[in-house]
Amino acid sequence: MKITDTSDLWWKSAVIYCLDVETYLDSDGDGIGDFTGLARRIDYLADLGVTCLWLMPFYPTPDRDDGYDISDFYGVDPRLGSHGDVVEVIRTAHDRGMRVIVDLVVNHTSDAHPWFVSARRSRNSPYRDFYVWRDEPPRHQQPTVFPGEEATVWELDERSGQYFQHVFYKHQPDLNIANPRVRDEIAKTIGFWLALGVNGFRIDAVPFLIEPPEGVDLGDPHELLRDIKRFLQRRVGDAALLGEVNLPFAEQLDFFGGPRGGELDLQFDFVSMQALYLSLARSDPAPLADALRSRPVIPSEATWANFVRNHDELTLDKLSDAEREEVFEAFAPDEAQRVYGRGITRRLPPMLAGDPRRVRMVYSLMFSLPGTPVLFYGEEIGMGENPEITGRQAVRTPMQWSDERNGGFSTAPPSRLVAPPPSDGYAPAHVNVRQQRTDDDSLLLFIRRLIGRYRASPEIGWGSLEILDHDAAGVLAHAVDSELGRMILLHNFTDAPVALRLDIGAQEEGTRLIDLDRPERVPVGAERRIDVELPAYGHRWLRVSPPGDTRIG
Ligand code: NOJ
């Protein structure tokens, strides 16, 4: 594809920031974050360099799965604000050049949703077919997503004497996507939020969503995603779909719509994320390099969403048992830091023993990979989890704005907070925005500079990836290449300084390498080789600058 304007497909070089309104900033002192609070922090986010906000579910909910159990797709949780408050946030974000995407959770509803309340009241309910019912659970049942918390994916509804399907919690009955009325509601939900100004959706649990109910043949299940994408395009041409698809690469390609596209625009790269942790545990980039080499070629309009942490457990389900054990031992030695037998309930800095060099190396790497980086709130200041909270909730604590009471999140008595901040070395007294804002050496200002560098380097988002061979084990060297230019990116996974010699590939005579973080040029020696040094856990971003290049960095 010819690149004429990199803002056309904005999601290919965006900086996405995920937050939960409930834990961001409380404006009215009730202990719960709200839209009015978030509106006050839009300038902070714009200043950080974020170009797209991802708002986690903010819809009416009994809140038994952090809002992923929705009781009204068209509503706003009254604890967080009103539709008017949502629109104010969207408008302010747009005004500051930021887009807004929202969670679309339509694989299931809450059991408190009026559709389900009606559906379970009688087999004759007009909403009965909105859900998946069977007289007996199928013989071959899929395993539950939450082992230890749920035993099966079928629950008997005593009153009507039938079982309903729930891939997630039993209070989250699965919607029946074979029912055209359900599909219409999904389209209307998308249309509704688009009309309020959102720029796209993060679609929850996509493979489960498109899977037809057992025994029902709908033809190609991907038709649902193609339908959604076409609908979106008709309504708002440049709205984007970011999908949660934790599957092997080959299957992920299908969710982009195959090489020709037409389904998801972005997908999280779960495979490389998990390989990254194995590489960190071994101080060896080889597993990550292998994962990156096996990334399929995806449609030119689509991209990967690169992330190192999110609001869920750090899932390690794509590693072998032995590899998972290695990562567990390195980063979650305590059984209480693990969940579902597959994941870790911690944030990055505590896993890396707070070593700022290592933490920065990881973020530098995340921003240097082809794709769009996704930050989870608090990562920019190095927040830790609250080890006193069990399970996935441990990483869902309030944003730490200052060293004041409740980390400046809320003026409510601490007992009324939506979640308690950590009280260890990662407590707000030690980790907060106010302190880091004016400290040149802070993680916050490092991340801000990193975002600036990423935004000034659209070749990363648009580039193809090449893993470069060299002689220094312990260093990942990769290049990104497109008609916008070529960059070489180096990351040292070890705690020892290293010198390496690298072939930069065929280049024009007079080509130089510009280090984006330092004033000096890297000389290109005979046979197009460069000699570079990296400190322990060091990282360097080098732009290949042909003669006549007018870019400053
Ligand atoms: C994926 C979400 O990320 C997770 O938090 C949630 O529990 C499940 N989907 C169910 O909606």
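Cys18 is buried in this predicted model, because its relative accessible area is just 2%, below the 20% cut-off for buried residues. You'll find Cys18 in strand β1, which covers residues 16-19. Setting aside neighbours within four places in sequence, Cys18 is in contact with Trp54, Met56, Leu375, Phe376 and Tyr377. For a sense of distance, take Cys18 and Ser300: 282 residues separate them in sequence, and their C-alpha atoms are 25 Å apart in space.

**Parallel strands**

Strand β14 spans residues 372-376 and runs parallel to β10, with two bridges joining them. Within that pairing, Asn306 stands opposite Pro373 in β14. Strand β10 (residues 303-306) also runs parallel to β9 (residues 266-268), this time with three bridges. Here Leu266 is the residue facing Thr303 in β10.

**An antiparallel sheet**

Further along the chain there's an open sheet of six strands. In what order do the strands of this open sheet sit? The order is β15-β16-β17-β22-β19-β20, with antiparallel pairing. At the edges are β15 (464-467) and β20 (521-522), each of which pairs on one side only. Inside the sheet, β19 (residues 512-515) and β22 (residues 539-545) share four bridges in the antiparallel sense. One pair to look for is Ile514 with Arg543, its bridge partner in β22. As general background, strands of a sheet pair through backbone hydrogen bonds, either parallel or antiparallel.

**Helix α5**

Now for helix α5, residues 180-195. Does its length come out as expected or not? At 1.5 Å a residue, its 16 residues should span 22 Å, and the end C-alpha atoms are 22 Å apart, so the two agree. (The expected span takes 1.5 Å times one less than the number of residues.)

At the start of α5, a side-chain oxygen of Asn179 comes to within 2.8 Å of the backbone nitrogen of Arg181. After the helix comes Gly197, with a positive phi near 110°.

Which residues of α5 are buried? They are Val182, Glu185, Ile186, Thr189, Ile190, Gly191, Trp193 and Leu194. The cover over these buried residues includes the helices α3 (83-95), α4 (114-121) and α7 (222-235), along with the strands β3 (99-104) and β7 (200-203).

**The ligand site**

The ligand has plenty of protein around it: Asp65, Tyr68, His108, Phe146, Phe168, Arg202, Asp204, Glu244, His311, Asp312, Arg392 and Arg396. Among these residues, three have side-chain N or O atoms whose distances to ligand oxygen atoms are listed here.

| Side chain | Distance to a ligand oxygen atom |
|---|---|
| Arg202 | 3.2 Å |
| Asp204 | 2.8 Å |
| Arg392 | 3.0 Å |

On its own, the ligand has 300 Å² of accessible area, and the protein covers 98% of that.

**Gln400 and its surroundings**

Gln400 lies in the loop between β14 and α14. Is Gln400 buried or exposed? Gln400 is buried, since its relative accessible area is 1%. Its side chain reaches the backbone oxygen of Tyr426 at 3.1 Å. Leaving out residues up to four places away in sequence, Gln400 touches Ile381, Met383, Gly407, Pro421, Pro422, Tyr426, Ala427, Pro428, Val431, Asn432 and Val433.

**Two residues with positive phi**

Asn406 also belongs to the loop between β14 and α14 (433-437). Its phi is near 55°, a positive value in a residue other than glycine. Asn406 counts as buried, because its relative accessibility is 8%.

Ser283 is another non-glycine residue with positive phi, near 50°. Where does Ser283 lie? It's in the loop between α9 (270-282) and α10 (286-293). Ser283 is partly exposed, because its relative accessible area is 29%, and that class runs between the 20% and 50% cut-offs.

Notes: Residues are numbered from 1 along each chain as its sequence is written. This is a predicted model: local features need pLDDT of at least 70, side-chain atom pairs count only at pLDDT 80 or more; totals for chains, interfaces and linings use all residues. Side-chain values use heavy atoms; hydrogens and water are left out. Buried means under 20% relative accessible area, exposed over 50%, partly exposed in between (1.4 Å probe, protein chains only). Contact means heavy atoms within 4.5 Å. A polar contact is a pair of N or O atoms within 3.5 Å; within protein, one must be able to donate a hydrogen and the other to accept it, and residues adjacent in sequence count only if both atoms are side-chain atoms. A residue is near a molecule or strand if one of its heavy atoms lies within 4 Å of it. Accessible areas come from the Shrake-Rupley method with a 1.4 Å probe; for residues, only the protein chains shown count as cover. Two strands pair if DSSP finds at least two bridges between them.
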